[in-house]
Amino acid sequence: MIRPKLMRYVLALDQSTSATKALLFDEQGGCVDRESREHRQYYPQPGWVEHDAEEIWQNTLTVLGAVATRNAERWQDVVCLSLTNQRETIVVFERGTGRPLHPAIVWQCRRGDSACEEQRAAGREPLVHARTGLCLDAYFSGSKLQWLVRHQPELRRKLQAGEALIGTIDAYLIYRLTAGKVFATDSTNASRTLLYDIGRLCWDEELCGWWDVPRGALPEVRESFATFGETSLDGALVRPLPICGVMGDSQASLFAQRCFEPGAGKATFGTGSSVLLNIGHTLRLSDRGVVTTLAWVQAGKPTYAFEGIIISSAATVSWLRDQLGIIASFEETEAIAASLSDSDGVYFVPAFSGLGLPYWQPAARAAVVGLSGHSDRRHVVRAALESISYQLRDALDALRAEADVPLRGLHGDGGPTMNRWLMQFTADLTRTELHVATMADCSALGAARAGLLGLGVQPSFAALALLPREETIYQPAMPAARSDALLAGWRRAVRQTLSSA
């Protein structure tokens, strides 16, 4: 008698900008259960964004516990907990307890702008870029940490005394999941801090000094496929799980989309958007605002990617819902956009926290351009959706100009990919065949697959590439002259917005 093959599972945690999600995947990539909790967004001043890190921790326990409880019959076959997270958001927490000592400063927060200007004025930008692959922008963690050290004397004292620790969200949650036994981050998250040398693969003492960050307060850096201790979910599990497979959310989605070769690229549509293009094992830098980052490191060998950062994507639509109240949900925007033949010359430039690639203008602020007496809420909603595609086209053009490898199509993932109108408009505007994953939660799936690879359940990248893939393909259909005219209008609107910054 032939016994059926054992099906193994991975419990994945996806801690994103807006919510904390637990997903249970089988080893083929099928999602068998899911639980999610949103957390509150705090805006204490214009341009500032914070999260309550304790709320995130409690939500983590809630969602993981709920999925574990509902799947008790599968629990003996769950091989690990994997983790993916919003990347540049930073937490300072107490050594021993893990208790947050300040609200988490979110990647969108601009309070580090003046610190970046100081570094620029000191002539340090070329060296920062050469070592980190990043540009001097408050989007990244270093300037946020310097603001904390300078404005919170008690925090500075605790960091210097070794009483407090610094972590991106992954390091913070791993510390709490392991009851303080493991203080570690992975290389993809470390590479987003302005403190990590992506060529030498280590924290840089000089950079830490420039940003006033005590080197001893930073976590150990491990590869994404390493083991990060084990967790009992604060005593809730009858059998502890090893933590294996840790990646920043954008890199995790690149991994899930199996962009393993140079020229493979993906766009994650989320609160903000990240366009990543695999450029191989050789570190290359751009002088046109394109960020170089670590895609992952395996067995000491780095894989690099060019990245285009879009600061406000679905966040723009959330703003229409939460701040203006002109829509009730993201889901209704598809029908609203499709009800119009065009936006009637209305453009929405969503520079709520500045503009990313290729502009990198932190002082820019959002504007709706081209309103007339004929305009109504539908035109504004459609223009907000269109802004996601326009920004993606700008980022993609910059990546194409820098890369010396052809783009092998574009993969898309994230919640907004459920909007079919938006996906078709994106394919039309970028003139690129767009492969949209049926699984919207590709970041969680990527972390889970990294865990399977790290534990040896999946033996290789080649084996991962053979796993089933479900996707919808959108072909460009808009005449080139039409997309050119729309893009020209967008870029006029951006110039008009920047002229008032």
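Which residues do ring pairs link into a cluster? In this predicted model, the cluster joined by ring pairs consists of Phe225, Phe255, Phe260, Trp296 and Phe461. One of its members, Phe255, belongs to helix α9 and is buried there. Helix α9 spans residues 249-256 and is mostly covered, with eight of its eight residues buried. Arginine 258, just after α9, adopts a positive phi of about 60 degrees.

A search of the whole structure yields 23 aromatic pairs. Tryptophan 48 and tryptophan 147 form one that is edge-to-face, with 5.1 Å centre to centre and 80 degrees between the planes. Because tryptophan 48 lies in the loop between β3 (31-38) and β4 (50-51), and tryptophan 147 in helix α4 (residues 141-151), this pair ties together parts that are 99 residues apart in sequence. Tryptophan 48 is buried, at a relative accessible area of 17%, and tryptophan 147 is likewise buried, at 13%.

Within the cluster, the ring centres of phenylalanine 260 and tryptophan 296 are 6.1 Å apart and their planes stand at 80 degrees, so this pair is edge-to-face. Phenylalanine 260 is located in the loop between α9 and β15 (265-269) and tryptophan 296 in strand β17 (residues 291-298); the pair therefore ties together parts that are 36 residues apart in sequence. Phenylalanine 260 counts as buried at 15% relative accessibility, and tryptophan 296 is buried with a relative accessible area of 2%.

Charged side chains also sit over aromatic rings. Arginine 111 lies over the face of tryptophan 48, at 3.9 Å from the ring centre. The charged end of arginine 222 is placed over the ring of phenylalanine 228, 5.5 Å from its centre.

Notes. Residues are numbered from 1 along each chain as its sequence is written. This is a predicted model: local features need pLDDT of at least 70, side-chain atom pairs count only at pLDDT 80 or more; totals for chains, interfaces and linings use all residues. Side-chain values use heavy atoms; hydrogens and water are left out. Buried means under 20% relative accessible area, exposed over 50%, partly exposed in between (1.4 Å probe, protein chains only). Helices (H or I, at least four residues) and strands (E, at least two) are DSSP runs, numbered from the N terminus. Rings of Phe, Tyr and Trp (its six-membered ring) pair if their centres lie within 6.5 Å; planes under 30 degrees apart count as stacked, over 60 as edge-to-face and the rest as tilted. A charge sits over a ring if NZ of Lys or CZ of Arg is within 6 Å of the ring centre and within 35 degrees of the ring normal.
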